[in-house]
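Trainee: Please choose one part of this structure and describe it closely for someone who has not met it before. I should then like to see how other parts are described in the same terms.

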Amino acid sequence: MDLARIATCLERRPLGFELGLRHHVPVHEPYWESHEGLEIALHVSGSGVVDLGDGATNAFGPGCIEVYAPRMRHRQVMARGGDDCFVRAAPMPELEAVLTGNLFMPRPPDALAEHDLRALSDAPTRPTRIQLAEFGHRMTALLLRLLSHAETRPAGARLLPPAPRPGKVLAREAQRYIDDHVATIDRIEEIADALGISHDRLRHVFTRESGRSLVRALMEARVVRASDLLTTTDLPLAAVASCCGLHSESYLCRVFRQVRGCSPASLRARA
């Protein structure tokens, strides 16, 4: 995990709270799971081993804390049933490139961290917008406190390196970043920077997995956004171009013809 980049990312945008829950985990047949957003778990009672794949495991008991990066596969093999508290963040593409791997802590860093984790796990199932904002900031502060504590490497705490991301995963992450930032991407290299890999590697992987270049994917995403604006608003073409990250009306028309084979005006007229 690149702690400095994580801190920079969370300074710009806090986590979005998605779910908090307490549940009992019996001794059962283990199963693999992963989630779109990061997850923080506290083992309140019980014991066992968390299998992270590739031979990496964490033996846990009461008081242990785990932080799972987005989409990190893991399974909990229980030796003795017990209770867990966990909170899950909403997907956040710009964080996924820097928050990777797994953080294991044999005990909470302080009473406040444990209190916040337990409190967030008791969040209402349908929080208000005010509560969602509050919970998101509290979860952000909790994560930063855990990472800050782990950076000093207390006895037993460890940051495990991430498993290599398969090509399909990288291509999907790149497409998601394009869709989410279509209006603000200035250079195609920004996509690789956001995913934490080299531009050459991403370019080859994305073309192999999707059959398109990154430039083409960005162009198509901009045309999709433009088509939506053209058919649902009365914005002038220059404004539509600006909302899609294109620098002029003429550039919008040229890109539109390349992708859709017609002009923006003709699409609007048909709609």
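Mentor: A residue is called buried when its relative accessible area is under 20%, exposed when it is over 50%, and partly exposed in between (1.4 Å probe, protein chains only). Helices (H or I, at least four residues) and strands (E, at least two) are DSSP runs, numbered from the N terminus. The model is a predicted one, in which local features need pLDDT of at least 70 and side-chain atom pairs count only at pLDDT 80 or more, while totals for chains, interfaces and linings use all residues. Residues are numbered from 1 along each chain as its sequence is written, and side-chain values use heavy atoms, leaving out hydrogens and water.

The part to examine closely is helix α1, which covers residues 3-12 and has L3, I6, C9 and L10 as buried residues. These four cover an arc of only 120° around the axis, so they lie on the same side of α1; the arc is that of the directions from the helix axis to the C-beta atoms. On the face turned away from this buried side, α1 carries the exposed residues A4, E11 and R12. The helix thus offers two faces to compare: one with L3, I6, C9 and L10 buried, and an opposite one with A4, E11 and R12 exposed.

To place α1 in its setting, consider the whole chain. It contains 11 helices and nine strands, and its C-alpha atoms fill a box of roughly 65 × 40 × 35 Å along the principal axes. Of its 271 residues, 46% are buried. Contact here means heavy atoms within 4.5 Å. Among contacts between residues at least 6 apart in sequence, 74% join residues at least 24 apart.

Helix α10 can be read in a similar way. The expected span of a helix is 1.5 Å times one less than its number of residues. For the 12 residues of α10 (residues 249-260) that gives 16 Å, and the end C-alpha atoms are indeed 16 Å apart, so the two values agree. The buried residues of α10 are L252, V255 and F256. They cover an arc of only 105° around the axis, which puts them on the same side of α10. That buried set packs against α8 (214-232), α9 (237-243) and α11 (264-270). Just after α10 comes G261, whose phi is positive, at about 75°.

Helix α5 provides another example. Its 14 residues reach 20 Å from the first C-alpha to the last, close to the 20 Å expected at 1.5 Å a residue. Its buried residues are G167, V169, L170, A171, E173, A174, Q175, Y177 and I178, and they pack against α2 (93-96), α6 (189-195), α7 (199-210) and α8. Helix α8 therefore appears again, having been listed among the elements against which α10 packs. Within α5, which runs over residues 167-180, E173 deserves individual notice. Its relative accessible area is 8%, so E173 counts as buried. Although 76 residues separate E173 from A97 in sequence, their C-alpha atoms are 8.8 Å apart in space.

Three residues from the strand regions extend the picture. D51 belongs to strand β3 (residues 47-53) and is buried, since its relative accessible area is 15%. Leaving aside neighbours within four places in sequence, D51 is in contact with W32, A56, T57, R73, H74 and R75.

R71 sits in the loop between β5 (65-68) and β6 (75-80). At 15% relative accessibility, R71 also counts as buried. Its phi is near 65°, a positive value in a residue other than glycine.

R80 is located in strand β6. With a relative accessible area of 46%, R80 is partly exposed. Beyond residues up to four places away in sequence, R80 touches V27, G46 and S47. G101 lies 21 residues from R80 in sequence, and their C-alpha atoms are 26 Å apart in space.

To return to the chosen part, α1 places its buried residues L3, I6, C9 and L10 on one side, and the face turned away from that side carries the exposed residues A4, E11 and R12.
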